[in-house]
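Let's take a walk through this model together, starting with its charged side chains and ending at one of its sheets. Keep the viewer open as you read.

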Amino acid sequence: MTSESAITTRQRLSSDFHRPHYHYLPPSNWMNDPNGVIQWNGLYHLFYQHNPNGALWGDMHWGHATSPDLIHWTDVPIAIAPTPGTYDEAGIYSGCMVNNNGQPIIFYTSTRGEHNSIQTQSIAFGSPDLLTWTKHPGNPVISEVPAESGQTRDFRDPFVWKESDAWYLVLGSKIQDVGGAIFLYRSQNLLDWEYLNPLLIGDIKTNGVVWECPNFFKVGDQWVLIISSHLGNATGSVLYFVGSYENYRFTPQYEGVLDYDTLYAPLSFVDEKGRRILYGWLRESRAERELERAGWSGVQSIPRIMSLDEQGRLNMEPVPEIETIRGKHHHFGAQDVESDAVLNVRGLSLDIVAEFVPQAGGQCGLAVACSADGKERLDILYDAASERLSVNKVSSSVGDMLLTNSRDIPHKLVSGESLKLRILLDGSVVEIIANKRTSLTSRVYPLSADHNYIRLLGSQSSVQSLDIWEMSSIWQ
């Protein structure tokens with residue numbers, strides 16, 4: 001798609017109030033996993049899984065967009081497409097990018113066979129501007145699943161990094177009837193790879209049948225492994241492990257959940273400021289016929305800066321660059337609101353920073369995307385008694401009956417700690433981060449663009465402060 005047609009397509013779809021205005025998504029059609037994220041000569045590049053021919057999953061290519069600031073994006077031509085009759089004829093799947101002394105190299109999973117049954121790892125070399133890519137004539141560079149896996153199908157999503165002595169690569173996979181596994185490889189030249197051993201093996205009963213989209217990196221003196229858990233017939237949560245790495249083995253000391261719901265297949269990189277930045281695919285939660293009607297599917301999260309706290313937990317917060325598109329500001333203190341009040345702010349593109357002091361045994365939070373009568377809304381609620389954070393989608397049906405769809409997760413506060421919520425509402429996207437350590441993304445599809453009210457939930461006395469910014473579109 002040319003830049004002119006991309007602009008025209010975006011303009012045509014801009015009236016869709018479910019479509020985000022400050023999160024990145026392609027002009028149209030399907031998008032899922034972020035791929036090959038990198039900062040190259042000062043410019044940020046986002047590659048991503050993309051079906052250029054429809055709004056449903058299939059015919060995987062690598063789409064491509066660039067940004068000077070992680071917020072405003074320019075669509076550029078597709079980077080890599082399948083080559084008929086070859087090792088990647090069934091699709092160009094997820095992977096990463098490295099800088100090999102000024103030579104950009106993409107690593108991706110190449111597939112062929114019915115239902116992508118043959119999964120191998122391939123590479124492509126880029127031009128200096130990262131706009132033209134040439135596949136390696138010796139592809140695939142890794143083609144055999146380790147024998148201990150006991151299967152030959154699930155073998156994908158290379159993540160590559162360099163240490164002093166060599167290049168290393170991890171792949172998501174599984175060990176048959178045991179659980180998800182991450183396999184570790186080593187190379188001196190990025191072309192010839194030696195299998196070393198499993199980096200980590202999971203438990204099929206507790207953290208998934210297959211592990212996908214691994215990220216493995218060092219933070220201080222600790223190592224972090226992020227994996228996306230596949231449950232066999234559905235995708236699950238994104239998990240992370242923090243621990244030590246010696247003799248090519250990773251030993252976790254802490255295990256957590258990076259996101260409990262909609263964010264999946266994240267990919268991270270270090271930018272020129274030394275920040276570990278992570279993107280994630282925000283999945284849809286509506287029927288395929290609705291995706292086809294809309295003409296688009298899938299959104300990228302606002303990039304997040306990752307760090308570890310003193311307890312060894314993974315912390316995350318949106319990049320501060322997002323503040324550059326904040327518009328009108330609304331501030332509320334406890335004296336400015338009433339219990340269960342409708343706030344004097346409306347919108348479906350908002351950045352919300354809220355702080356509550358939960359009352360013993362009480363509940364507090366916000367409802368967004370509310371109808372005027374409150375019969376349709378998305379409740380973001382913290383229950384102090386159970387120490388759980390929830391997202392409840394409430395909608396009306398025939399008559400006055402209310403239908404709810406709830407997701408609640410643990411979120412413990414230490415003594416004296418307030419509840420701090422960062423909520424990024426953008427069309428149908430809701431990114432929620434609590435106290436920088438608990439992420440619960442969601443999707444909401446209001447019946448009307450006028451369902452854009454905000455309500456306070458719980459006691460007025462719980463409110464410490466509430467700041468809301470109306471957000472500008474990044475496409476204007």
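A salt bridge here is a side-chain nitrogen of Lys or Arg within 4 Å of a carboxyl oxygen of Asp or Glu. Please keep in mind that the model is predicted. By that criterion, the structure holds 21 salt bridges, and we can visit a few of them.

Begin at Asp154, which forms a salt bridge with Arg156. The closest N and O atoms of Asp154 and Arg156 are 2.8 Å apart, and both residues are buried. This pair does not stand alone: Asp154 and Arg156 are linked with Lys174 and Glu212 in a network of salt bridges. If you select these four residues together, you can follow the network in your viewer.

Next, turn to Arg275, whose salt-bridge partner is Asp271. Here the closest N and O atoms are 2.9 Å apart. Are these two side chains buried or exposed? Buried means under 20% relative accessible area. Arg275 has a relative accessible area of 13%, so Arg275 is buried. Asp271 has 5% relative accessibility and therefore counts as buried too.

Now look for Glu417 and Arg437, whose side chains meet in a salt bridge with an N to O distance of 2.9 Å. What does this pair tie together? Glu417 lies in the loop between strand E29 (402–410) and strand E30 (419–426), while Arg437 lies in the loop between strand E31 (429–434) and strand E32 (438–439). The pair therefore ties together parts that are 20 residues apart in sequence. As for accessibility, Glu417 counts as partly exposed because its value is 24%, whereas Arg437 is buried, with a relative accessible area of 10%.

Let's finish with a sheet. Strands E5, E6, E7 and E8 form an open sheet of 4 strands, in the order E5-E6-E7-E8 and with antiparallel pairing. Which strands are at the edges? They are strand E5 (91–100) and strand E8 (133–135), each of which pairs on one side only. Neighbouring strands of this sheet are turned by 30 degrees against each other on average, with direction ignored.

For a closer look at one edge, find strand E7 (residues 118–126), which pairs with E8 in the antiparallel sense over 3 bridges. To place yourself in this pairing, go to Phe125: its bridge partner in E8 is Thr134.

Terms used:
Residues numbered from 1 in each chain as written. Predicted model: local features only at pLDDT ≥ 70, side-chain atom pairs only at ≥ 80, totals over all residues. Heavy atoms only, no water. Pairing = 2+ DSSP bridges. Helix = DSSP H or I, 4+ residues; strand = E, 2+ residues; numbered from the N terminus. Axes fitted to C-alpha atoms, helices over the stretch in contact; angles between N-to-C directions. Buried < 20%, exposed > 50% of the residue type's maximum accessible area, 1.4 Å probe, protein only.
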